[in-house]
4 protein chains.
Amino acid sequence: MTDFTLPEDTKALARRVRQFVIERVIPYERDPRLTQHGPNDDLRAELVALAKAEGLLTPQAPKELGGMGFDHATQAAVFEAAGWSTLGPVAMNCAAPDEGNMYLLSRIARPDQVKQFLQPMIDGHRRSVFAMTEPDGAGSDPGQLKTRAVFNGNDYEISGLKWLITGANGAKTWIIMANVEPNPHGPHGPTLFLTEGDTPGIQIERVMDSMDRNYVEGHCVVRFEGLRLGPSHILGEIGSAFRYAQMRLAPARLTHCMRWLGAAARCQHIALEHARVRTAFGKPLLHHQGVNFMLADNEIALHQARLAIRHVAWLLDNGVRARHESSIVKASVSEELFKVADRCVQILGGIGVTSETVVEMIFRDMRPFRLYDGPTEVHKYAIATQLERQGSAFTDPVGW
Amino acid sequence: MTDFTLPEDTKALARRVRQFVIERVIPYERDPRLTQHGPNDDLRAELVALAKAEGLLTPQAPKELGGMGFDHATQAAVFEAAGWSTLGPVAMNCAAPDEGNMYLLSRIARPDQVKQFLQPMIDGHRRSVFAMTEPDGAGSDPGQLKTRAVFNGNDYEISGLKWLITGANGAKTWIIMANVEPNPHGPHGPTLFLTEGDTPGIQIERVMDSMDRNYVEGHCVVRFEGLRLGPSHILGEIGSAFRYAQMRLAPARLTHCMRWLGAAARCQHIALEHARVRTAFGKPLLHHQGVNFMLADNEIALHQARLAIRHVAWLLDNGVRARHESSIVKASVSEELFKVADRCVQILGGIGVTSETVVEMIFRDMRPFRLYDGPTEVHKYAIATQLERQGSAFTDPVGW
Amino acid sequence: MTDFTLPEDTKALARRVRQFVIERVIPYERDPRLTQHGPNDDLRAELVALAKAEGLLTPQAPKELGGMGFDHATQAAVFEAAGWSTLGPVAMNCAAPDEGNMYLLSRIARPDQVKQFLQPMIDGHRRSVFAMTEPDGAGSDPGQLKTRAVFNGNDYEISGLKWLITGANGAKTWIIMANVEPNPHGPHGPTLFLTEGDTPGIQIERVMDSMDRNYVEGHCVVRFEGLRLGPSHILGEIGSAFRYAQMRLAPARLTHCMRWLGAAARCQHIALEHARVRTAFGKPLLHHQGVNFMLADNEIALHQARLAIRHVAWLLDNGVRARHESSIVKASVSEELFKVADRCVQILGGIGVTSETVVEMIFRDMRPFRLYDGPTEVHKYAIATQLERQGSAFTDPVGW
Amino acid sequence: MTDFTLPEDTKALARRVRQFVIERVIPYERDPRLTQHGPNDDLRAELVALAKAEGLLTPQAPKELGGMGFDHATQAAVFEAAGWSTLGPVAMNCAAPDEGNMYLLSRIARPDQVKQFLQPMIDGHRRSVFAMTEPDGAGSDPGQLKTRAVFNGNDYEISGLKWLITGANGAKTWIIMANVEPNPHGPHGPTLFLTEGDTPGIQIERVMDSMDRNYVEGHCVVRFEGLRLGPSHILGEIGSAFRYAQMRLAPARLTHCMRWLGAAARCQHIALEHARVRTAFGKPLLHHQGVNFMLADNEIALHQARLAIRHVAWLLDNGVRARHESSIVKASVSEELFKVADRCVQILGGIGVTSETVVEMIFRDMRPFRLYDGPTEVHKYAIATQLERQGSAFTDPVGW
């Protein structure tokens, strides 16, 4: 039966998280280490220590590995609360790409892989990368994968060039997608490999300069050359890389939405306070409809985003794969929340484009959200494909 | 605990309603009586008889008065199903303005008023009007009410001019808003009166020509002159008309959204089928992204509308007044569903602007939805006012 | 050298036209003959007589045929002035589809065809049709033409079904597009035929009901069966129908824009006056930014439309084919002017959806503008194709 | 008579400028000195030397002061050509705020002021600031000016706090807006002062961090304390500061539009090339309508922007103040060109948010354009005010 009530313990937890972010994390938003992409593991370590002290580290991890074992519905509230600062999820170890990587590893890694690669991530001791995207396009369209793994019967020699590899700089757990070429020894196809970041043959060519800052370690160009990994480094099954990527992405897209909802809400909060105190033409900005209609539009967008997120969370919690709905939520929430940030910049006026408030950073950090984990257009294409196959979900009045 | 599941009996009912609409109601969409505004009570009577035979007449009415006593959540599913044809709610006696009027009367009418004015409405024997809007503006801004009621100790003499009075033509139950002037006999202020449509002094000046057709009786200009009503004709309390109007509007706005969701879904269904079979430049329209992105946008809009509607229904079912949320849902759903209809017209091309499909009628019928029961701008103003008073609902991570 | 000045005589003429429309044409906007699609040649004849008396009939026609021989730049000002009422162009005999048909005939008809088919059109004695669009799609995509013309050496037997044929009802000059099938007697391919409306074999199956009213005769379904036309009925050259259709469309699209600009300006004028006098919440609507920002957006849209129209007119006057620019102007002007009309409806509130003002009619009449002569999406496709071929016009800083 | 032709010499000049920018300026776009706000006068000096060598320095300056004395129409073509790189106008000494400041000084400075403050600017030897905006709002709403100038009969003591003062860091020519308080010695009111940057009492508190980089020296917080200026430092007349600010702004807004048009065209060029070579799902991005419709939308926006710019340039060249039209052009061009940049980011996908192409920098640099020299909302307010006073320009069919 339809019910939008959050359990009391979820509410309490979300409010505790928000309080933690406000009191302990926000002071770091002006930390100069944020302004340059590059290895910033000391900043991250400080933040992680704060969350650990508060009992809020990696709360989404499975209980048996030390987390709180949240379902997606609980995550929705907690991640939104954490997202009030873009550093909140960094502190709580539930930021991208680690959060999605931990999710994937907890689902498909072998026990020994869990121990070596996942547990130290959950404990906040290491970061990870998911090395999939390539310069020629294996981002939105994974069919273009060019990184190859040649198997000689003993080990796989991996070679190729990846870019936009978030957080590669200093990450210790590496998940690498490569195409196992046909070979006489066994199966082939797109495959995930799992290895340490200091394995010879992994070379970070450079850190790409990008408009976002919240991925404090930036996005890297990575070359694999002479990277040799034995069969024990295979993650899951050979040939199943795209299936695993999708397994990772459905919740990963959603957690992005959750965190950015918190950040957009922060913008709205700041813009609203500004509109209260700042006057123009003899009255507060808030009394100009040109301004307060923007705030109203924001409130509508935030409202719709929260509803859409909670709905997909509920689907996932009920075992529905929800690829279609996760495309809907990603496409609409990323577009609409960016508009929220953009309107807040506009309301703030000149200071909106400066670091006087955090809105400017959120604006820049949120722009890539419309692109990563599938740009809006790819999701619309997916939605349309689903429409072609199954008709509109609204043809049936109880379609969901 | 968050749950989006519909109860099985609601699902079954909604599907039965949809089936009824498809089989029995849609054939009437090409009835020539639809094309002209004016008294069409024979058409309505035929439709009502169909719903009655199916046990689907006035299902939202309280059980003690013969209905099924739906909560708002059930209404959401059933009204969406009914709205697949704009005549569905007419047949099932849950269309505006009757549905809102019945709701209001069931809340505030005296038993004798229920018997005389409400029960025959529930039974499908009569229609009603809510005579509030005036040429000088007592629509969006009720503070401009000019129709006055002068009390001489025995009865109230009501005089004034109303317009855009939906369905006045032939309606038997009249709810009239008038301002009781200060008088020595008792209280004064904006007041609702309840009377029969054939009371002397109620004069329908003309039927206004409008772009919508689904209000088959049209919208009228009504003059009150020499209309004398005794105190027993007062509905509720003297001076409380605006409070009652709000009491009526919060659910009435929402039921509009429910019904139009069904109609917009119908447009999507038709446009999708068209895009499957119609080809251009060598392939189905559906394989042109210029077309299928519109369909994807529609699917997103329908999805968001359904979520927002169900949420407010749940609030109302839990005793929350939800004025703020009902403004959010009205403002966003009316704007977004109209865009759905507009995109469907566009996808259909030339035939989209003709009555070859029902999309054209829905497009025209839906345009006023962005205006009645508060134009979008008035709702944004209300949302902004709420923001000023209470801050953003998203400042608190568990704000709803 | 860049100059936006209109010649004084053009200004004077445009103002005279506007005055004529206001004084003589607008009174007909409430003529009941408008409300039903069907043959209304008496209404048209009355309007035409008014323009003739004023010396404003068919002003765009070549001088040698009795017109004023306007260039496109002059047309831009005059047609905008005429469009203040959607009946203005009807009166002045410069409405679609006649205006485009006269243009085409003046370019490619033989002298005897001019005398029989064009001259009486210019004189206001007859209307015309351009029978191209077919149910299976030969609208946006002319490659799907199914109407065929079989040549037996003596005459062509034409058979096929057309629809959305504007004004077919009562038109005397017919331009029919049909595919001449391969035959041993001569050339073949898509061809235009020119004939009288009462030729046996032309059958008007029905008038389609559509949301627009200004094409007072409506849009028809037409069947050609046993229609036999001798070679003298060929218009231009065999096999060149699409080229002629394009020759007709570039200016025809533009004249649509000109006329609708006038109509949209009328909406703006009405909405602005309404916003001045109507009050809400204690002040004129015009002092609510929620309203006056819409008026400002309208003014911007009107401004951009006028600039874009005048630019293409200038190109055409200078012998540039301007297919690319005519796509740009059609796509943007139709979309933006419809938004103007839509915002004016919104500003007018409840009365905006009624015939209390002409805005409602213009809103409905303008919706098809986004579809005919190529829907927006087809023009975007054309623009993109041009981009692929020639790059952006803005790569060269003096690209136009 | 309407004419959109550019004179041949303007065309040749614009192309020469474009060539200069491509060959000499673009290489500096990856100069590391760009990445940090702060005094970068060496970078600027290098760029200026290049333009000087090419005979392209400060081309818009009056001939008698060493420039080419462009009219606004010529500026439109040349500044668009220069804007292909955001560093182009820096090199050619026609960037904001210097360009506007030079314009103002050439109009109202005394000969001795021209010699001391303007001539070295035209010669490329110094930069300037226009110190108007204040933290409490004297940006969009100049009525809030708080910086005061107390006159003791000998000199003015200026005190106050300004912020968002572009390029203050290292600028030598300072124009300062302060309110001359009522005094017994003469007139009072908002007044401009002109002085050297190293005058005691001018204190740069800090450089504000902002999302744009093209103002290489950033935007500063400036404190005036103990700043004493004699009467000879008054620029123009006492009490006329706002009139001068408007005199400066009408062309300054327009030149922003010109330069950003060039930058947006660059984005379009880059995105189009990317869409040609990058493939997804088996074909070039350019063959996906989801992508090429964005490029078509861009082309429309660029087209409209160029038309609107040239129109206002023509008005200004003809002595029209064009405040209304300059609001229209600023509001629409800034909004639409930013959308162009945003769509280009989207087309580029992941690399769109990195500095792999210049699109990312232009996107960030262009966001403030919607705010400075009057945010869009202030211009809409101005447009609406004009509508209230004079009605729509389109009420008269030859309104401009």
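How many residues of chain A are in contact with chain B? In this predicted model, 52 residues of chain A meet 52 residues of chain B.

On the chain A side, that contact draws on quite a few helices: H1 (8–25), H3 (72–82), H7 (241–277), H8 (289–317), H9 (323–348) and H11 (376–390) each put in at least two residues. H8(A) gives the most, with 15 residues.

Chain A also has an internal contact to look at. Its domain assignment has domain 1 at 8–95, domain 2 at 128–239 and domain 3 at 242–390. Take domain 1 and domain 3 of chain A: their centres, taken over C-alpha atoms, are 19 Å apart. Domain 1 of chain A brings 14 residues to that contact, and domain 3 of chain A brings 21 residues. On the domain 1 side, H3(A) has the largest share, at 8 residues.

Here is the make-up by class of two of these contact sides.

| Side | Nonpolar | Polar | Charged |
|---|---|---|---|
| Chain A, touching chain B | 29 nonpolar residues | 14 polar residues | 9 charged residues |
| Domain 1 of chain A, touching domain 3 of chain A | 7 nonpolar residues | 4 polar residues | 3 charged residues |

Now for the annotation. UniProt, in an unreviewed entry, labels residues 242–387 of chain A "domain: Acyl-CoA dehydrogenase/oxidase C-terminal". How much of the 242–387 span in chain A is helix, and how much is strand? The span comes out at 76% helix and 3% strand, and its end C-alpha atoms lie 22 Å apart.

Note on methods
Residues numbered from 1 in each chain as written. Chains lettered and ligands numbered in written order. Predicted model: local features only at pLDDT ≥ 70, side-chain atom pairs only at ≥ 80, totals over all residues. Contact = placed C-beta atoms within 7 Å. Helix = DSSP H or I, 4+ residues; strand = E, 2+ residues; numbered from the N terminus. Nonpolar A, V, L, I, M, F, W, Y, C, P; charged D, E, K, R; others polar. Domains from an automatic or database assignment. UniProt positions renumbered as here; feature names shortened; annotations may be inferred.
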